[in-house]
Number of protein chains: 2
Amino acid sequence: MDASAPSRPPLRQAFSEALATLLGARFSTAAAVCAHHGHDESHFPDALPDAVAWPHATDEVATIVRLCAEHAVPVIAFGAGSSLEGHILALRGGLSVDFSEMNKVLAVHAEDMDAVVQPGVTRKQLNAELHGTGLFFPIDPGADASLGGMAATRASGTNAVRYGTMRDNVLALEAVLADGRVIRTGSRARKSSAGYDLTRLLVGSEGTLALITELTLRLHPLPEAVSSAVCAFPDVDSAVRTVIQTIQLGVPVARIELLDSLTVQAINRYSKTSLREAPMLFFEFHGSPAGVEEQAQTVQELARDHGGQDFEWATRSEERSRLWQARHDTYFACLALRPGCRGVTTDVCVPISRLADCIAGARADIAASGLTAPIVGHVGDGNFHTLILVDPHDAEELARAETLNRRIVERALEMDGTCTGEHGIGFGKMDFLVAEHGGEAVAAMRSVKRALDPAGLLNPGKIVSER
Amino acid sequence: MDASAPSRPPLRQAFSEALATLLGARFSTAAAVCAHHGHDESHFPDALPDAVAWPHATDEVATIVRLCAEHAVPVIAFGAGSSLEGHILALRGGLSVDFSEMNKVLAVHAEDMDAVVQPGVTRKQLNAELHGTGLFFPIDPGADASLGGMAATRASGTNAVRYGTMRDNVLALEAVLADGRVIRTGSRARKSSAGYDLTRLLVGSEGTLALITELTLRLHPLPEAVSSAVCAFPDVDSAVRTVIQTIQLGVPVARIELLDSLTVQAINRYSKTSLREAPMLFFEFHGSPAGVEEQAQTVQELARDHGGQDFEWATRSEERSRLWQARHDTYFACLALRPGCRGVTTDVCVPISRLADCIAGARADIAASGLTAPIVGHVGDGNFHTLILVDPHDAEELARAETLNRRIVERALEMDGTCTGEHGIGFGKMDFLVAEHGGEAVAAMRSVKRALDPAGLLNPGKIVSER
């Protein structure tokens, strides 16, 4: 792994001058600015860009990308910097294009349940702007990520079991190709068979095929009734088996999240909650009042069959928000268990029937490794994370964490699962991509990459290697 | 439009001999066989392949495709021949690869709600084989199409409003690339962020990027309760406005289908039903008994507000099957209105708020055209068809039908919709693809096509033109 920027020529003066002329103060080569854009939330060493640009409009992005193409400068799209696999590391220097100032909600079509947004809009910002429309956008990675970044990594979160992932909730995109051409993919129609699905090709492409400059997103009606509950279990396995039966019965739960007892401890400390420190499921039910009642009753019976305690209900809206905010803060709560540490996060997802075995195996691996690694999961999808707490300066420990990560991924692949349910490949999982899809499929991905970015300037060193 | 095969060299003897050796009687150059594979259900003139192959396994498909690559022979994947835009026309001759003998259900993972099938399995066959598992596969184009063909055209049908389209229900594919390499895309995990979404790239690619040799499909639990009803309306507009409100309220209807009075007439004649010959909505509700009751009540109230008659319920399972079979036979029922005619089918899909205007506009266009064109629609998705009945030998009438089709598509595009909700581009809608996506996006599609099929041998002349 070589995340440090190799020696490289400085940006040509003509390039810098052209960008400064175009963007004024919205172009910077200041060291502090580059440092801020040289790392995400992963444990990988920083890799700094040579400069940062803050475009305000699609045509500016197109001009920037054209200039980069002319001068052979790598271009890295930067959203909120909350990615977990080194996605925004400038491995070969170049220009970080920070979308934080392209952050307008351009249109809300409440009657069609869609919205058109710029890529720098964050998920919380969008939901705040939807207030009063009776609609919401459900995809919620832990961080308050930008929607452009969420599309680029094919993100999901706690609601995916009911509402799908970014794959399912992006209707159309506008994007700038490697040579500066602007394309539009898709329309506001709910379905289409019109040609290759460029929308789905760009969702999850992590800035390696194009830069997303506008998104048309599916919105969902706010449910008439919502109820949330937590339920403690005697052990992780009982909790997971409750989940498996819930999904197999087709109960349309909106959220069903696993937290092991170490995670609950971390949350209690970090978020000042007083949850019972045992393996827990967090539930949320959406629907009509009767429908929610019915779902909750079914799941409560299943939980009881597996030794679950009585549900503790969060009935008021503020209680619910507090509960889910605590869930979303899990990443930072767990990091706080060991001050100064960084996280190596696993993100496997397996067919639901294999989930109990997969988690049991991971727990045994963690115990054998001697590392601290709380487990949380979007278990309704078969997806869970272990957050391995590492001292980033301890090479031996990092190596042990990598071995543990690899072992967990290998097991998931043996179970016909994926190495990443929602975090993406970035720089950190490129080897696993080959293990998962096979060399021929990755070669096909490489052909697509070369077709759309022949000079290899869009986020180089991510997803597929150059040869 | 030139659908007739241009003069072309005969297949080389070495090629034919190699295929005959590989496949024996499963390779044929017989005129009758080629004629059968030279047309689909569209009105386009026949375009015959030079030969037909019936592979039994993926490695045979790989060998076939490799031989075609060596000898520069076009390859056209053939499912059930039920496509509607000339998808399987052998515009440049070549080899039709008929998947009807690759028709095994390879695995049903009931506990994970997925199935692995060969591409020649039809939708009805799969559901028959799922009998007793408590699961079903919901995607139902009118014809009993092959699942490989349905994936290739990104098909949907009456259940899409609740269960999505083939885009949403294909978890993974195995496919043979243009040079004979075999790739696997995706896994059995419910979600993944692992690299470019090759699954979604191949779904809807109409045999132009690869030949699908295996599909992993999402299954769904059979609903605990099902109820179906029909409801007559004073006019089409009232019916459509009922649909719009139903969707905007977020009622999770499983099916909501519009039939204009001419279509109902056609069905009554063809399927010996005795439906009231007025604009109708066909509904189906899936859920728990209480949930179904609740949905039906809400929709019934909305219908009443728009002048709808009382619901007529199809309570017994046989009645329901009869009703939906009649709906699925609409295409043939309408063709039977005018013996000897062929259908030019429009397939636009628009944002739901525009649906009433879009259909009203289409009705005015039909009236002005002097043509006969019943209207049916998967209106919950914003998708409807007009089936323009034409004498395929009357050039003037065909031209008038094309003008009507174009006018309907143009209006849909103005409304930010798509030229095809579920039928695909094939040969018939290539111009509309450019009108919908713009030249730059289609150029990006062409780059992807060239990257994966540099010699242009996979279903040539479909989706994107070569330059």
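Begin by selecting chain A of this predicted model. Its radius of gyration is 22 Å, which agrees with the value near 23 Å that a compact globule of 467 residues would have. With the C-alpha trace displayed, chain A spans about 70 × 55 × 45 Å along its principal axes. Switch to a cartoon representation, in which 17 helices and 18 strands make up the secondary structure of chain A. Of the 467 residues in this chain, 57% count as buried. Among the contacts in chain A with a separation of 6 or more, 72% join residues 24 or more positions apart.

**A helix pair in chain A**

Next, select residues 355-369 of chain A, helix H14, together with residues 395-414 of chain A, helix H15. The two helices pack at an angle of about 160°, and their axes are 10 Å apart. Because of that angle, H14(A) is roughly antiparallel to H15(A), the cut-off for this class being over 145 degrees. The crossing of H14(A) and H15(A) is right-handed.

Now show the side chains at the contact. On H14(A), select Cys358(A), Gly361(A), Ala362(A), Asp365(A), Ile366(A) and Ser369(A). On H15(A), select Arg400(A), Leu404(A), Arg407(A), Ile408(A), Arg411(A) and Ala412(A). Coloured by character, the residues of this contact divide into six nonpolar, two polar and four charged.

**The contact between the chains**

Display chain B alongside chain A. The contact takes 72 residues from chain B and 72 residues from chain A. On the side of chain B that touches chain A, at least two residues each come from helix H7 (166-169), strand S9 (182-185), helix H8 (198-202), helix H11 (289-305), helix H16 (430-437) and helix H17 (439-452). Which helix supplies the largest share of this side? It is H17(B), with nine residues. By character, the residues on the side of chain B that touches chain A divide into 26 nonpolar, 27 polar and 19 charged.

**A residue in helix H8 of chain B**

Finally, centre the view on Leu202(B), which lies in helix H8 of chain B. Is Leu202(B) buried or exposed? Leu202(B) has 29 C-beta neighbours inside 10 Å and therefore counts as buried, the threshold being 20 or more. Leaving aside neighbours within four places in sequence, select the residues in contact with Leu202(B): Leu173(B), Ala175(B), Thr185(B), Leu209(B), Ala210(B) and Ile212(B). As a last step, select Ala151(B), which is 51 residues from Leu202(B) in sequence and 8.0 Å from Leu202(B) in space, C-alpha to C-alpha.

Conventions:
Residues are numbered from 1 along each chain as its sequence is written. Chains are lettered from A and ligands numbered from 1 in the order in which they are written. This is a predicted model: local features need pLDDT of at least 70, side-chain atom pairs count only at pLDDT 80 or more; totals for chains, interfaces and linings use all residues. Two residues are in contact if their C-beta atoms, placed from the backbone, lie within 7 Å. Helices (H or I, at least four residues) and strands (E, at least two) are DSSP runs, numbered from the N terminus. Ala, Val, Leu, Ile, Met, Phe, Trp, Tyr, Cys and Pro count as nonpolar, Asp, Glu, Lys and Arg as charged, and the others, Gly among them, as polar. Axes are lines fitted to C-alpha atoms, for helices over the stretch in contact, and angles run from 0 to 180 degrees between N-to-C directions. Angles under 35 degrees count as roughly parallel, over 145 as roughly antiparallel, 65 to 115 as roughly perpendicular and the rest as oblique. A crossing is left-handed if the near helix is turned anticlockwise from the far one by less than a right angle, and right-handed if clockwise. The radius of gyration is taken over C-alpha atoms; the globule rule is 2.2 Å times the number of residues to the power 0.38. A residue is buried if 20 or more other C-beta atoms lie within 10 Å of its own, exposed if 12 or fewer, and partly exposed in between; C-beta atoms are placed from the backbone.
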